[in-house]
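Here are a few exercises to work through with the model open beside you. Try each task before reading its solution.

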Amino acid sequence: MDLKWDDERTRKFVTNVGLVTSNGPHGNNIMAAEWTHHISYAPSLLAVCIGPNKATLDNIRETKEFGVHLAAFDQSVFSSIAGGNTGKEVNKIAILKDLGLRFYKASKVDLLMLKDAVMQAECKLMQEIELGDHTMMVGEVVEIRSTKKEPLIYRGGKYWNFGDQIEKPRQELLDKIKELVEKNKK
Ligand SMILES: Cc1cc2nc3c(=O)[nH]c(=O)nc-3n(C[C@H](O)[C@H](O)[C@H](O)COP(=O)(O)O)c2cc1C
């Protein structure tokens, strides 16, 4: 079956907001990608799922490099700029710089990285996988940094802040669970 982007049932997912930088035929560029995941520890691999006809896809295919960032809680406007315009027509990096965002030159790849993000990972393309109507670009992390900022949350097409941390259950319940695990061992 097919599910549209605004289907109520898929809108239950909670995601982070990835900001993907690239540099290629469309110049230095940045796009928003909620489908950004850490998928392997050793080696460390990040996956970004990108729809067809995006400037970012052309750029990564050409250079085999990209930067992955996690947007911070106070960067929803910047995410909307990166996600609401294409680098084929607009210099989004220049807009974000004008709005006060700071970029730096990556050390292991040839592109710009966003200084003010929660996490900055420089990636070399390891694999490109066609999956339905998106292409998963799997990148090996070659350099990574992070800051103390809190991440931006995305759910139901809206931006959110983290809520309260959920408390650990009472010892009584933990003991009961341990007992149940013992009792139901295969
Ligand atoms: C919060 C947010 C999340 C998004 N997530 C994705 C995503 O995971 N994959 C994707 O292909 N597009 C996603 N988009 C849309 C792209 O960012 C958008 O199409 C952008 O214009 C592509 O830029 P480009 O053509 O410069 O590469 C998202 C947009 C927003 C605002």
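**Exercise 1.** Into how many nonpolar, polar and charged residues does the shell around the ligand divide?

*Solution.* Start with the classes: Ala, Val, Leu, Ile, Met, Phe, Trp, Tyr, Cys and Pro count as nonpolar, Asp, Glu, Lys and Arg as charged, and the others, Gly among them, as polar. The shell then splits into 10 nonpolar, 9 polar and 3 charged residues. A residue is near the ligand if one of its heavy atoms lies within 4 Å of it. Of the 22 residues around the ligand, the nearest are Gly51, Lys54, Thr56, Thr86 and Gly87.

Before going on, a word on the model: it is predicted, local features need pLDDT of at least 70, side-chain atom pairs count only at pLDDT 80 or more, and totals for chains, interfaces and linings use all residues. Residues are numbered from 1 along each chain as its sequence is written, and side-chain values use heavy atoms, with hydrogens and water left out.

**Exercise 2.** Which N or O atoms of Gly51, Thr56 and Asn85 lie close to a ligand oxygen, backbone or side chain?

*Solution.* Look for polar contacts (here, pairs of N or O atoms within 3.5 Å).
- Gly51 places a backbone N or O atom 2.7 Å from an oxygen atom of the ligand.
- Thr56 uses an N or O atom of its side chain, 2.6 Å from a ligand oxygen.
- Asn85 has a backbone N or O atom 2.7 Å from an oxygen atom of the ligand.

Next, consider the cover: the ligand alone exposes 650 Å², and the protein buries 87% of that (Shrake-Rupley method, 1.4 Å probe).

**Exercise 3.** Which elements give two or more residues to the shell around the ligand?

*Solution.* Take helices (H or I, at least four residues) and strands (E, at least two) as DSSP runs, numbered from the N terminus. The contributors are strands S3 (27-33) and S5 (45-50), with helices H1 (55-63) and H2 (76-84). S3 provides the largest share, 4 residues.

**Exercise 4.** Where do Pro43 and Asn53 lie, and what is the omega or phi of each?

*Solution.* First, Pro43 is in the loop between strand S4 (36-40) and S5, and a cis peptide bond with omega of about 5° links Ala42 to Pro43. Then move to the loop between S5 and H1, where Asn53 is found. Asn53 is not a glycine, yet its phi is positive, about 65°.

Technical notes:
Polar contact = N/O pair within 3.5 Å; in protein donor to acceptor, adjacent residues only side chain to side chain.
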